[in-house]
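Visitor: Could you take me on a close look at the ligand site here, and then follow the chain outward from there? I'm happy with numbers, so don't hold back.

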Amino acid sequence: MSDMNRPGSAVGESDHIRTGLSKEQLKQAYIDNLFYLLGRFLEVATPHDSYMAAAYTVRDRMLDRWIKTARTYKASQARTVCYLSAEFLLGPHLAKNLINLGIMEVSREAGAELGLDFEAILEQEEEPGLGNGGLGRLAACYLDSLATLQIPAIGYGIRYEFGIFDQLIEDGWQVEKSDVWLRDGNPWELPRPKLRFPVRFGGHTETFQDDGRVRVRWIPDLVVEGRAYDTPILGYGVSNANLLRLWSAHAPESFDFQAFNTGDYYGAVHAKVEAETISKVLYPNDEPQAGKELRLKQQYFFASCSLQDMIRLQLGAAGTLEGFHEKFVVQLNDTHPAIAVAELMRLLIDEHRMDWEPAWEITRRTFAFTNHTLLPEALETWTVALFGRLLPRLLEIVYEINRRFLDKVRMHFLGDEARIARMSLIDEGHGRRIRMAHLATVGSFAINGVAEMHSELVKSTILKDFHDLWPERFHNVTNGVTPRRFIIVSNPRLARLLTECCGDDGWVRDMDRLRSLEPLADDVGFHEDWRRMKTAAKRDLADWLRRRVGVNVDPETLFDVQVKRIHEYKRQHLNVLHIITLYERLKAEPNRDVAPRTFVFGGKAAPGYLMAKLIIKLINSVAEVINQDPQVNDRLRVVFMPDFNVKNAQHLYPAADLSEQISMAGKEASGTGNMKFAMNGALTIGTLDGANVEIREEVGDENFFLFGHTAEQLQRLQAEGYRPWEICNDRFELRSALDLIASGLFSHGDKELFRPLVENLLYQDPFMVLADYELYLDRQTEVSHAWRDPKHWNRMSILNVARMGKFSSDRSIRDYCERIWRVRPVPAEL
Ligand code: GPK
């Protein structure tokens, strides 16, 4: 080992093997890591060895920044944002960190000189899939922006041993495979075995006298230990690196020796298994239904560990918990961590001997709450029975919060008993349940929705009573996505073009600068560059689909893409009905002039959501028939991309021409895929829902394909008595498309297979697919016409990219900083 490499030698010198950024230093560090951390040398290293060595080489450079950042933050005494989230859907780290460190190109050259296949190394990384979809990916974008904006922040969550399942498609059906992402090791995390906290479950409480006061003691029947695993999150083009701290559950001791010595070996191991189950697996439902005991355990487990950690930091820095809320602000990412409101009260009162009033003052000034859905089935509640059995002390605290809260409500709305029942933290109507959204709202100083329209609906529907009481607490923060991952990493060609046009890469941190593209929207030369870039991305995707999915698609066709979780409200089946109608039109009139399209779908269905799984089967079945029909398959192709995740998604955004954002108006809180597509130059066909509304405002009505009833119109339709089957009577093509599915054409003659889907549409249609069918088809016809005019299409595409600045997650985080968190940047220097 050379001197430089010995532990204890100065870190931070730019010539140091662990910190230097030159090509030679990177090469040397890579070989060194390959040797000392993996016990390998160049000639025998497998692609995975190479990936690991590369990852350690990058991590070394991040650690340096991370430690300096921690020092700087500590000295500044600034307020820290704690983002509590049950999900962080980070996506692969390596490419993203190379970009944020600014060493992508030099690393590529270093790799080439070592004879390494750089792309193959990037490809090695397992997706860290610790999230389901939008909500988890949003948390990851926000971590990126927080670090980039130099805001002191910690992400807190769960280190699931198994993330979101891998999706296989077998015979057209979704098959789930467990995600063993940690099998080959995770080079990005640092275990902190000494950083651990106890978390109690079950048992009972008792009161005792303490200094003349009555206090409560909780005697649990299970204590689990949460251990910290830290991942550094580096900002783009800055030295700040923030912390993502994930908790893993363990038994405090691996054996209960008492039981062991009396011969009960299995009993002795049982507690260990029970404890470790808590962080075993991510629940695979986006928009989850409440009810599972293990899920509540997970929520309490990570909320408690995270708060205990903040208290440790606060006591370490200030020696007192007074002013805790000035040092920390805790953002609750939906209701999943809402139990933290009661847990902070417990910690302050029971463990740190505070009185109720000062403890409540701290608590309600600490938390802020983001709501991500209005779907009634997704609003979390827990039965009092389960909650009380698992968390007896927390139930007492929830009751006390509720008692005091309802007294206030009573005073404010004299005699309005109905309102009191509606606002109570306990729903007395459905077998006594705790309403987690109410707990989060009562315990927070700020509540926000995730797009303008959604925030308005939060105020006028699910939290209306609370808005009547505390209008000043309600805000909107429209979601955003990070251009680092969704432009630079995913679409390097576009990134280069944008940097050329803007004169420098300042747009990466200030996406509003892309407005300077607008004058180029009519520039013939620029159109040529734009077309070349898009075609290259589409060729890449076509290659990838051929290799990975085994289908051939023509890059000259219009790429029409819908990727997102499969859910009836997102209406993938509306898209399918359009495809079937096009198919029937072509069959009836083979020479009909239609713009050739490739339809791409992707997305996972919750394993227990049968209708969503049937929709996947339908897409694959329609694909099978159409792709094999020589009469149409030069003009229509349908592809289902299996295992849609961050890693695979990166191949799609750059290649899409049309982005399908066709949810039932009023149901999609925001959507974020809509942003990723538009900022890569896809045009949107979409309803007035979620952030679509604001995207259309920004890019201009004339550059957006709007269709469908508004949320209000749909509500009125429903109130008047919605009869979907009647719509079919006067819409011949719709009737015919449904009949074709029912006929067995797509199911080898089986008339039963899709019956539940067809009948659901005809007789219930809860997401009003049929009501929007005709408007959708008309708009799609216009899309086809627009596609025929490449000059016009490119113009629209360029203007979309130029005007998407608002949807950078940097803007979202700035909004949070100003409107809610009241925090400022703390730059770290190397
Ligand atoms: C909302 F409530 C939830 C949830 O549990 N999971 C989830 O991914 C999504 N969401 C919304 O459905 C999207 O509209 C939204 O863009 C995303 O959260 C982020 O806010």
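Guide: Sure, let's start at the ligand. It has 16 residues around it, and those that come nearest are Glu287, His372, Asn479, Glu668 and Gly671. Keep in mind that this is a predicted model, so every distance below is computed from predicted coordinates.

Now for the polar contacts, going by the ligand's oxygen atoms. Glycine 671 puts a backbone N or O atom 2.8 Å from a ligand oxygen. Alanine 669 also uses its backbone, with an N or O atom 3.3 Å from an oxygen atom of the ligand. Tyrosine 569 takes part through its side chain instead: an N or O atom there is 3.2 Å from a ligand oxygen. As for cover, the ligand on its own has 440 Å² of accessible area, and the protein covers 96% of that.

Stay with the stretch around tyrosine 569 for a moment, and look at arginine 571. Arginine 571 sits in the loop between strand E19 (558-563) and helix H22 (572-588). Its phi is near 60°, which is positive even though the residue is not a glycine. Is arginine 571 buried or exposed? With a relative accessible area of 0%, arginine 571 counts as buried, because the cut-off for that is under 20%.

From that loop you can step back into strand E19, which belongs to an open sheet of six strands. The order across the sheet is E21-E20-E19-E22-E23-E24, and the pairing is parallel. At the edges are strand E21 (636-641) and strand E24 (705-706), each of which pairs on one side only. E19 itself pairs with strand E20 (residues 597-602) in the parallel sense, over six bridges. If you want a register marker for that pair, take aspartate 560, whose bridge partner in E20 is phenylalanine 599.

For a contrast in pairing, go to strand E8 (residues 204-210) and strand E9 (residues 213-219), which run antiparallel and are joined by seven bridges. E8 and E9 make a hairpin with two residues between them. One of the facing pairs is glutamine 209 and valine 214, the latter in E9. In the turn, aspartate 211 has a positive phi of about 55°.

Another positive phi turns up at aspartate 765, where the value is near 45° in a residue other than glycine. Aspartate 765 is in the loop between helix H30 (755-763) and helix H31 (769-787). Aspartate 765 is buried, since its relative accessible area is 1% and the limit is under 20%.

Let's finish towards the start of the chain. Aspartate 49 lies in helix H2 (residues 47-76). A polar atom of the aspartate 49 side chain is 2.9 Å from the backbone nitrogen of threonine 46. Aspartate 49 has a relative accessible area of 9%, so it counts as buried too.

Then there's the surface. Phe35, Tyr36 and Leu37 make a nonpolar patch of about 320 Å². Phenylalanine 35 is part of helix H1 (residues 23-36). Phenylalanine 35 counts as partly exposed, because its relative accessibility is 48% and exposed would need over 50%.

Methods
Residues numbered from 1 in each chain as written. Predicted model: local features only at pLDDT ≥ 70, side-chain atom pairs only at ≥ 80, totals over all residues. Heavy atoms only, no water. Helix = DSSP H or I, 4+ residues; strand = E, 2+ residues; numbered from the N terminus. Buried < 20%, exposed > 50% of the residue type's maximum accessible area, 1.4 Å probe, protein only. Patch = residues over 30% accessible without salt bridge, like charges linked within 9 Å, V, L, I, M, F, W, Y side chains within 5 Å. Areas by Shrake-Rupley, 256 points an atom, 1.4 Å probe, with all protein chains shown as cover. Salt bridge = Lys/Arg side-chain N within 4 Å of Asp/Glu carboxyl O. Near = heavy atom within 4 Å. Polar contact = N/O pair within 3.5 Å; in protein donor to acceptor, adjacent residues only side chain to side chain. Pairing = 2+ DSSP bridges.
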